[in-house]
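Subject: Structure for your review

Dear colleague,

Please find below the structure that I am handing over to you. I should be grateful if you would read the notes that accompany it.

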Amino acid sequence: MKKLNRAVIIIAKIVEVFMWVGCGLSVVITILAAIGKSDLIRFFTDAVPGTELLISGDFVLRALSAEGQPVMAAFVIFFIMMALTLALMAMCARNIHLIFKTSAGKTWFSRGETPFQPDNVRMVREIGIFMIAIPAVQFIMSVVARVALGPDMVESGIGMEKIFTGLVVLALSQYFAYGMQLQNDVDGLL
């Protein structure tokens, strides 16, 4: 069990770092696209001007106009969406890392070696909210893209699996809160 927990802590931290790096690169690409430096985008992504589609899960933007010219506004919208999505995913990984460390009593705010702590309840709830926010951000950005670029430039759906996962995690946070309450009651009796 301790080896698995240790592996999750390490993997969560690695995923968090990669998500923050991706978020930063997405911001750089957004800025380069916004100021018209399309020739520099190729240093940060393989989705260079001339790419037909920009795809992330259920969010797809056409990056070329009907005449075959790159649409830099599509790059701006797409990479804003990517930056927001990657930031939310990084926060999920951060919370997973902290939940396991807190449960092991290895954070400064930990209240012993137990998963039933107020900070863990809050972080589990936040993971659920972040998971639900990811398809919400993609939906909002697809609406923005439809208004800014036209409806034929956008193909999008809603990632129901992330919404369902977020709802499950939110429900689990209630069980953590109940477990914390039971543990406090038992500790009060002893």
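The notes below describe the overall fold, the sheet, the salt bridges and a surface patch.

This is a predicted model, in which local features need pLDDT of at least 70 and side-chain atom pairs count only at pLDDT 80 or more, while totals for chains, interfaces and linings use all residues. Residues are numbered from 1 along each chain as its sequence is written, and side-chain values use heavy atoms, with hydrogens and water left out.

Overall fold

The protein has five helices and three strands, where helices (H or I, at least four residues) and strands (E, at least two) are DSSP runs numbered from the N terminus. Along the sequence they follow the pattern α-α-β-β-α-α-β-α. The radius of gyration, taken over C-alpha atoms, is 21 Å, whereas a compact globule of 190 residues would have a value near 16 Å; the globule rule is 2.2 Å times the number of residues to the power 0.38. Along the principal axes, the C-alpha atoms fill a box of roughly 75 × 30 × 25 Å. Of the 190 residues, 40% are buried; buried means under 20% relative accessible area, exposed over 50%, and partly exposed in between (1.4 Å probe, protein chains only).

The loop between α3 (72-103) and α4 contains E113, which is exposed at a relative accessible area of 67%. The C-alpha atoms of E113 and S26 are separated by 38 Å, with their positions 87 residues apart along the chain.

The sheet

The three strands form an open sheet in the order β1-β2-β3, with antiparallel pairing (two strands pair if DSSP finds at least two bridges between them). Because β1 (53-56) and β3 (154-156) stand at the edges with a single partner strand each, one side of each is left without a neighbour in the sheet. Neighbouring strands are turned by 10 degrees against each other on average, direction ignored; the axes are lines fitted to C-alpha atoms, and angles run from 0 to 180 degrees between N-to-C directions.

Four bridges join β1 and β2, and L53 stands opposite R62 in β2. In their hairpin, which has two residues between the strands, G57 takes a positive phi near 60 degrees. Side chains alternate along β1: L54 and S56 point to one face and are buried, while L53 and I55 point to the other and are not. Strand β2 (residues 59-62) is joined to β3 by three bridges, and V60 has E155 as its bridge partner in β3.

Salt bridges

The whole structure holds four salt bridges, each a side-chain nitrogen of Lys or Arg within 4 Å of a carboxyl oxygen of Asp or Glu. One of them joins E16 and K13 (3.0 Å, N to O). E16 is buried at 9% relative accessibility, and K13 is partly exposed at 35%.

In helix α4, R122 meets D119 (3.5 Å, N to O) and also E126, with the closest N and O atoms 3.1 Å apart. These shared partners join D119, R122 and E126 into one network.

Surface patch

F139, I140, V143, V144, V147, I158 and M160 form a nonpolar patch with about 660 Å² of accessible area together. Patches are made of residues with over 30% relative accessible area and no salt bridge, like charges being joined within 9 Å and nonpolar side chains (Val, Leu, Ile, Met, Phe, Trp, Tyr) within 5 Å; areas come from the Shrake-Rupley method with a 1.4 Å probe, and for residues only the protein chains shown count as cover. Helix α4 (residues 118-149) supplies the largest share, five residues. I158 lies in the loop between β3 and α5 (160-189).

Yours sincerely
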